[in-house]
Amino acid sequence: MSAEAVGEGQGTYEGDLRKVARVVLLDPQDRILLLHGHEPDDLADDWWFTPGGGVEGEESREEAALRELAEETGITEVELGPVLWRRRCSFPFAGRRWDQDEWYFLARTDRTAVEAVGLTELERRSVAGARWWTCPELSRAHETVYPTRLAGLLRTLLDEGPPARPVILDPEIV
């Protein structure tokens, strides 16, 4: 899978799982921002994913989500909303296996210009850019997107609003 773990492998672990905070960032037109990642040495092995990454040190997941969003997109003018979804995943990336416990936070922004300002070395080698997607575009996409059910999850979010409690997504093992 994935540049979902494009950090340098450092971060806070709970048991054997890397603690990760992700951001479902929506603009005023309800488009979602996704980053375009690929294996560092194989541009053809690519996918789309939400901004975010590993919790560092003593920071909270909320702090990690905001820090990662700023580093990967340059967007800092957001108010973090509730945790929408939680997911455990495991995937190969950059020569190792990543096992993660991911929390997806809702956020909205008026700013749509994206500039990666704080990428790690591995991220610079494996993140090819960003794109705002409408829900219909995401539903029709032939590209790989993580989490794999993102189009349906986004449709439900836009139709029903945030869930009362985080929805536990099925684990994804690639």
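With which side chain does the side chain of Glu102 make a polar contact of 3.2 Å? The partner is Arg22, as described in the first legend below. The structure is a predicted model, in which local features need pLDDT of at least 70 and side-chain atom pairs count only at pLDDT 80 or more, while totals for chains, interfaces and linings use all residues. Residues are numbered from 1 along each chain as its sequence is written, and side-chain values use heavy atoms, with hydrogens and water left out.

**View 1. Polar contacts of Glu102 in strand β7.** Glu102 lies in strand β7, residues 96-108 (strands are DSSP runs of E with at least two residues and helices are runs of H or I with at least four, numbered from the N terminus). The residue is buried, with a relative accessible area of 0% (buried means under 20% relative accessible area, exposed over 50% and partly exposed in between, with a 1.4 Å probe and protein chains only). Its side chain makes a polar contact of 3.2 Å with the side chain of Arg22, and another of 2.7 Å with that of Gln100 (a polar contact is a pair of N or O atoms within 3.5 Å; within protein, one must be able to donate a hydrogen and the other to accept it, and residues adjacent in sequence count only if both atoms are side-chain atoms).

**View 2. The buried and exposed faces of helix α4.** In α4, residues 150-160, the buried residues are Leu150, Ala151, Leu153, Leu154 and Leu157. Because they cover an arc of only 165° around the axis, they are on the same side of α4 (the arc is that of the directions from the helix axis to the C-beta atoms). Asp159 and Glu160 are exposed on the face turned away from this buried side. Just after α4, Gly161 takes a positive phi of about 85°.

**View 3. The largest nonpolar core and Ile32.** This core has 19 residues, of which Val24, Ile32, Leu34, Trp85 and Leu138 touch the most other members (a nonpolar core is a set of buried Ala, Val, Leu, Ile, Met, Phe, Trp, Tyr and Cys residues joined through side-chain atoms within 4.5 Å). At least two residues of the core come from each of β2, β3, β6, β7, α3 and α4, and α4 gives the largest share, five residues. Leaving aside its neighbours within four places in sequence, Ile32 is in contact (heavy atoms within 4.5 Å) with residues including Val24, Trp133, Leu138, Leu150 and Leu154.
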